Structure formats: C-alpha cells, structure tokens
Amino acid sequence: MGLVGNWTKILAIPPGEYPMKELDRRTKAALDAVLEDACRDLPHGGDHLFRKAIAQKLIHSARKGSTTIERLMIVARNAIRETTERKSA
C-alpha cells in the first residue's frame, strides 16, 4: 500500500511554518511513486522513520514547486544519501 492516503498526516505543518503550496492529487501520486521507487533497494523498503524523513524532504521540495518525477527522484536520492550518512556517523 502506498502513502497517498497518509500524505495528510505527513503534510501536517509544524507551528510557525506556512505551506508554500497546496499539493494536488497528481503531485501526491508522484510523491508516492517516487518514494516507493527510491526506497525499493533499501532493506525491507526502509523503516518507517527513514521513509518519513525522505517523504518530508520530498514534500518540502514539491511545495517549492519541484513536482516533476525527475526532480523529485533527485531529491529522494539526495535525501536517502544524507539520511544514510547521518545514521552511520
């Protein structure tokens, strides 16, 4: 099951922050597809906290206007690399 139904929880805006752009259904579907594809090679598809960290970076990027699959994949791969480096440090 994808995260499309769960984006509402992940999209929750922390106090003091404002949404830069409301995400439409198409963008949410792209986010879900990119997250699944990017985490495919991780052991067990990545744990919940790891996937959530990647999803949050994807959402931030999408709200800034980067909504193409290609751009979101770059964001996801960079986020995975950064998160993996932080975990191993």
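A helix, as the word is used here, is a DSSP run of H or I with at least four residues, and a strand is a run of E with at least two, both numbered from the N terminus. The exercises below concern a predicted model.

**Exercise 1. Determine how many helices and strands the protein chain has, and in what order its elements run.**

Solution. Begin with the count: the protein chain holds four helices and zero strands. Next, read the elements from the N terminus on, which gives the order α-α-α-α. Finally, look at how the contacts are spread along the chain: of those with a separation of 6 or more, 71% join residues 24 or more positions apart.

**Exercise 2. Find which element has the lowest mean pLDDT and which the highest, and set this beside the average of the chain.**

Solution. Start from the whole protein chain, which averages a pLDDT of 83, with 75% of the residues scoring at least 70. Then go through the elements: helix 1, residues 7–10, has the lowest mean pLDDT, at 58, while helix 2 has the highest, at 95. As a caution for reading any such model, predicted coordinates should not be read in detail where pLDDT is low.

**Exercise 3. Work out how helix 2 and helix 4 are oriented to each other, and describe their contact.**

Solution. First take the geometry: the axes of helix 2 (residues 25–39) and helix 4 (residues 69–88) come within 9 Å and cross at roughly 45°. Angles under 35 degrees count as roughly parallel and those from 65 to 115 as roughly perpendicular, and helix 2 and helix 4 are therefore oblique to each other. Their crossing is right-handed. On the side of helix 2 the contact includes Ala30, Leu31 and Val34, and these and their neighbours in the contact meet Ile69, Leu72, Met73, Ala76 and Ile80 of helix 4. Sorted by class, this contact has 10 nonpolar, no polar and one charged residues.

**Exercise 4. Repeat the analysis for helix 3 and helix 4, and state how the residues of the contact divide by class.**

Solution. The axes of helix 3 and helix 4 lie 9 Å apart, and the two helices pack at an angle of about 140°. Since only angles over 145 degrees count as roughly antiparallel, helix 3 and helix 4 are therefore oblique to each other. Helix 3 passes helix 4 in a right-handed crossing. Among the residues in contact are Phe50, Ile54 and Lys57 in helix 3, together with Val75, Glu82 and Arg86 in helix 4. The contact divides into 10 nonpolar, three polar and four charged residues.

**Exercise 5. Describe the packing of helix 2 and helix 3, and then decide whether isoleucine 59 is buried or exposed.**

Solution. The axes of helix 2 and helix 3 come within 10 Å and cross at roughly 140°, which makes helix 2 oblique to helix 3. The crossing is again described as right-handed. The contact includes Thr27, Leu31 and Glu36 of helix 2, and Arg51, Leu58 and Ile59 of helix 3. By class, its residues divide into nine nonpolar, one polar and two charged.

Now turn to isoleucine 59, which is found in helix 3, residues 48–63. Buried means under 20% relative accessible area, and at 4% relative accessibility isoleucine 59 counts as buried. For the whole protein chain, buried residues make up 36% of the 89 residues. As a last step, consider isoleucine 59 and threonine 27, which are 32 residues apart along the chain and whose C-alpha atoms are separated by 9.4 Å.

Conventions: Residues are numbered from 1 along each chain as its sequence is written. This is a predicted model: local features need pLDDT of at least 70, side-chain atom pairs count only at pLDDT 80 or more; totals for chains, interfaces and linings use all residues. Side-chain values use heavy atoms; hydrogens and water are left out. Axes are lines fitted to C-alpha atoms, for helices over the stretch in contact, and angles run from 0 to 180 degrees between N-to-C directions. A crossing is left-handed if the near helix is turned anticlockwise from the far one by less than a right angle, and right-handed if clockwise. Contact means heavy atoms within 4.5 Å. Ala, Val, Leu, Ile, Met, Phe, Trp, Tyr, Cys and Pro count as nonpolar, Asp, Glu, Lys and Arg as charged, and the others, Gly among them, as polar. pLDDT is the predictor's confidence in each residue, from 0 to 100. Buried means under 20% relative accessible area, exposed over 50%, partly exposed in between (1.4 Å probe, protein chains only).
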